[in-house]
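User: Please take me through the helix packing and the pocket in this model. Keep the answers short.

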Amino acid sequence: MKAKKHSKKKIRIKRDALLGYLMITPMLAAIGLLMIYPVFTGIRMSLFDPQDQWAGLQNYRMLFSESRFVTNIILTLLYTLIAVCLTVSLGLIAAHLVTEKGRFVHVLRPLLFLPWLIPSIASSIFFRALFDANAGPVPGIVKAITGSTFIPLADEHFSMLAVVIHEVWRSLPFAMLFLAAGLTAIPGYLYEAAALDSAGKWKQFTCITLPCLKSHIFIITLMVTNGTLQDSQSIYPLTFGGPGYSTETVGVRLFKTAFLYFEVNFASALGVILLAIAAIFMLGYHKAMNMKEEVSYE
């Protein structure tokens, strides 16, 4: 009797497992078709020349022999690191503001969410109008204060600053929303217990808020990094990658190579390199998070 029940239980478990696999099959097929297959297609295309002849690593050798590509890599890393650090830090501050109870919170929330509702190309054009040398308010204010003409987007350093400000402005609402969800999930009794132990606000933040938000910070950092690394739809309408190559990240160069010059094989090589950079960032974040967990357990 027991053997019969045991066999029936095993059959039911196998049936449930099979049903589970059948349920996730469409999702796995979609991931394979829309995400994994294009990666292998891009790698294959990067190994051929425009005449569809085998070129091996020729496209990669051409890239790594260029000083322009070295500039692209450096700008991509600087742009990503600065934008991600600012977005996550300011997103955490904004998340605290929107989760607090106050008179102006209901006004503050829609204002902070506004950049998320505007398409990236539209916001880029808006920022370009702000910095326009003829009619933009920023050059006009600078000229009124200093008396000298200032052309922001013709300056190598300020154009990159404008690109970073725009990216942080666009990404901030998403980071704020995600971190605010994490803040509201922290049990209130932890802060009450800390207050009873005479722990100040900073101590509560470092000992309660940050450890409880660790997974949220990791996920939002990874997502913002991924979006910033491949960003071209906001940089190109704002600066066109200029002046010169001062704001031409790898993502912008990939866009220009593929859709302006139609050098698809060369662009595929850029895409593979960009994917490799994203994978390095992901592994670095994962390792850093695991190291923090090991330290916290000790």
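User: How do H7 and H10 pack, roughly parallel or roughly antiparallel?

Analyst: This is a predicted model. Helix H7 covers residues 156-184. The axes of H7 and H10 lie 10 Å apart, at an angle of about 160°. Angles over 145 degrees count as roughly antiparallel, so H7 and H10 are roughly antiparallel.

User: Is the crossing of H7 and H10 left-handed or right-handed?

Analyst: The two helices in question pack with their axes 10 Å apart. The crossing of H7 and H10 is right-handed.

User: Which residues of H10 does H7 meet, and how many residues in that contact are charged?

Analyst: H7 contributes Glu167, Ser171, Phe174, Ala175, Phe178, Leu179 and Gly182. In H10 they meet His216, Ile217, Ile219, Ile220, Met223, Val224 and Thr228. By class, the contact has nine nonpolar residues, four polar and one charged.

User: What is the volume of the largest pocket?

Analyst: Its lining has 29 residues. Closest to the centre are Val39, Gln230, Gly271, Leu274 and Leu275. The volume of the largest pocket is about 910 Å³.

User: Which helix supplies the largest share of that lining?

Analyst: At least two lining residues come from each of H1 (2-46), H10 (214-229), H12 (250-259) and H13 (264-297). The largest share, 11 residues, comes from H13.

User: How many residues of the lining of the largest pocket are nonpolar?

Analyst: None of the lining residues is charged. Eight are polar. The nonpolar residues number 21.

Technical notes. Residues are numbered from 1 along each chain as its sequence is written. This is a predicted model: local features need pLDDT of at least 70, side-chain atom pairs count only at pLDDT 80 or more; totals for chains, interfaces and linings use all residues. Side-chain values use heavy atoms; hydrogens and water are left out. On a 1 Å grid over the protein atoms alone, a cavity is a set of points where a 1.4 Å probe fits but cannot get out, and a pocket is an open set with protein on both sides within 12 Å along at least five of seven lines; lining residues have an atom within 4 Å of a point. Grid points are joined across faces, edges and corners, and a volume is the space filled by probe spheres set on the points. Helices (H or I, at least four residues) and strands (E, at least two) are DSSP runs, numbered from the N terminus. Ala, Val, Leu, Ile, Met, Phe, Trp, Tyr, Cys and Pro count as nonpolar, Asp, Glu, Lys and Arg as charged, and the others, Gly among them, as polar. Axes are lines fitted to C-alpha atoms, for helices over the stretch in contact, and angles run from 0 to 180 degrees between N-to-C directions. Angles under 35 degrees count as roughly parallel, over 145 as roughly antiparallel, 65 to 115 as roughly perpendicular and the rest as oblique. A crossing is left-handed if the near helix is turned anticlockwise from the far one by less than a right angle, and right-handed if clockwise. Contact means heavy atoms within 4.5 Å.
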